[in-house]
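Grab a pencil and try these short exercises. Each one comes with a worked solution, so have a go before you read on.

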Amino acid sequence: GSSSVRPPRNKRDKVDAAMAWATACGLPAALLVGILLPVEARLEQGSLPTSENFREYAGKFCFDFKKIKDGGSKKPIVGEWDFTISGAVEEGLHDSRESEGPPCWGRCQTQGRFYLMAFDDQAHRWSKARAQWDDLTCEELHHISNWAEDLSGRLSKGRAYTQKITLTESIRPRFWYFAFVNCGAQVREPMSYSLHLRNTRMGFQEEFGVDRQNLIQVYATFWVLFGILAFLLFLSARQLNESFDWNVRSWPQIWLLQASAWCSATGCVFFLFHCLIYARNGRGEPMLAMTGTFCAAAGKCLIMLLLFSIARGWALLTSPGNQRQWNVIVGVLATIVAISMGCEYHGEYFHDTSTTYYLYESWPGLVILLLNFFLFAWCLVTMWGTFAAETCEEARGFYRFALVICLFFFISLPAMCVTASLISPWYRRQWAIGIELATRCAVTAALVHCLQPSRLNALSSARLMGDQIKFKDEDAVDDGLGDHMYEDNTPGDFNRVGVAE
């Protein structure tokens with residue numbers, strides 16, 4: 001029944017309120033950061049080896065394009081890159097020979113020189129260079145590159161050298177890859193470089209590659225949506241506390257979903273900060289991206305854990321007999337989080353030479369897909385068994401709806417990968433991120449509806465009426481904690497005994 005006395009706020013209420021304020025303040029603070037920081041371009045920088053022969057990958061960037069108007073002949077400028085390199089080199093010995101075909105296609109010119117080379121994403125350009133990176137000669141690399149700048153003479157006096165290059169593109173967006181290639185020049189002073197890349201037609205987002213554009217809007221939108229869902233869950237918990245004699249701890253599924261929504265909202269805020277800083281200084285803040293990845297992965301894993309707790313009951317966590325299953329689930333979820341964090345760390349702190357465009361095209365992404373399929377099969381079988389064993393119509397409707405949510409959530413990941421493979425590579429990353437966030441948001445909203453207080457109150461009322469609650473085997477169910485299904489049960493007990501063990 002209802003209580004006339006408002007229960008005191010417990011520590012969890014205070015934590016939820018603090019998380020609500022932190023998330024609500026995230027967007028204004030992120031916008032303030034975006035306004036105050038100075039503008040620079042996409043930035044790659046580092047130091048180069050000192051040997052006479054090396055090939056150092058410097059980074060990649062997706063440049064925009066603009067079609068030529070009918071009758072026009074001048075290609076529009078869509079991007080530019082400028083580089084600064086400091087140090088001193090001395091040209092080595094030159095080869096004066098010539099060849100009509102490989103390796104020189106004319107006069108041999110690379111021996112003893114130091115180059116910055118650029119390759120586009122065509123199969124006979126970067127794909128070929130990367131596949132045979134250690135086997136191709138300098139002449140062959142020079143030949144298949146789209147652009148090469150001889151820096152030997154520029155650095156002979158030990159002065160820093162800066163140059164700006166403009167790019168025209170009228171067919172489609174293209175990924176461009178940059179590398180420093182030393183073909184025998186002697187390094188007299190250690191060299192360091194900075195490489196600035198930008199799309200000049202993209203306004204505020206000019207420091208973003210085409211594959212990353214609109215991410216600021218995406219993260220801001222889903223920050224708002226997840227924040228609204230988390231706030232609704234906060235109100236649901238308060239309603240359970242104030243309208244009934246139950247505390248939200250009696251319904252741990254609500255707390256799990258609440259924590260998942262806060263993690264998802266907080267992850268969007270961290271990514272939003274990272275993108276705004278990226279738009280200003282060209283590098284972003286890698287630790288913000290790492291934290292955002294952790295929050296997003298935690299949000300997804302909490303949803304998976306919630307689905308298992310619905311399928312198996314809360315006894316999955318509390319019953320000693322389920323300890324092994326609990327350890328396996330936690331181990332798989334921890335592996336997913338660790339792989340996601342590792343991929344983000346590699347992407348932020350290392351230059352990736354691959355031609356993959358988002359996580360699930362790489363082998364770590366395939367591992368996550370396999371683990372996702374394993375959890376899907378396990379959760380589906382368990383939840384179907386629970387649904388089939390239940391005779392109470394109230395509970396069967398609850399599990400039927402939960403079963404649909406489970407199917408949608410787990411199938412969405414492979415479906416997203418299939419959909420992304422049909423999208424052009426230069427748009428694939430942003431679409432994959434948007435689809436994943438939309439799916440997680442939709443599942444969270446469906447679970448908010450599934451676990452609303454009125455539904456939980458009806459289920460609890462049905463559970464407390466013993467003549468309505470029977471399993472098909474007509475045997476008493478014991479979850480290992482001494483609870484009997486025909487005894488008077490609290491809402492928390494319903495979560496444990498409403499499952500056929």
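Helices (H or I, at least four residues) and strands (E, at least two) are DSSP runs, numbered from the N terminus. You're looking at a predicted model, where local features need pLDDT of at least 70, side-chain atom pairs count only at pLDDT 80 or more, and totals for chains, interfaces and linings use all residues. Residues are numbered from 1 along each chain as its sequence is written, and side-chain values use heavy atoms, with hydrogens and water left out.

**Exercise 1.** Find which cysteines a disulfide joins.

*Solution.* Start with the cut-off: a disulfide is a pair of cysteine sulfur atoms within 2.5 Å. Cys-138 and Cys-183 fit, with 2.3 Å from S to S. Next, place them: Cys-138 sits in helix 4 (residues 138-144) and Cys-183 in strand 9 (residues 174-183), so the pair links distant parts of the chain, 45 residues apart. Finally, check the handedness: the S-S torsion of Cys-138 and Cys-183 is about -105°, so this disulfide is left-handed.

**Exercise 2.** Decide whether Cys-263 is buried or exposed.

*Solution.* Buried means under 20% relative accessible area, exposed over 50%, and partly exposed in between (1.4 Å probe, protein chains only). Cys-263 has 18%, so Cys-263 is buried. Cys-62, at 1%, counts as buried too. As for bonding, Cys-263 is in no disulfide, and its nearest cysteine sulfur, that of Cys-295, is 5.7 Å away.

**Exercise 3.** Work out where Ile-228 lies and how accessible Ile-228 is.

*Solution.* First, locate Ile-228: helix 5 (residues 215-243) holds this residue. Then classify: with 46% relative accessibility, Ile-228 counts as partly exposed.
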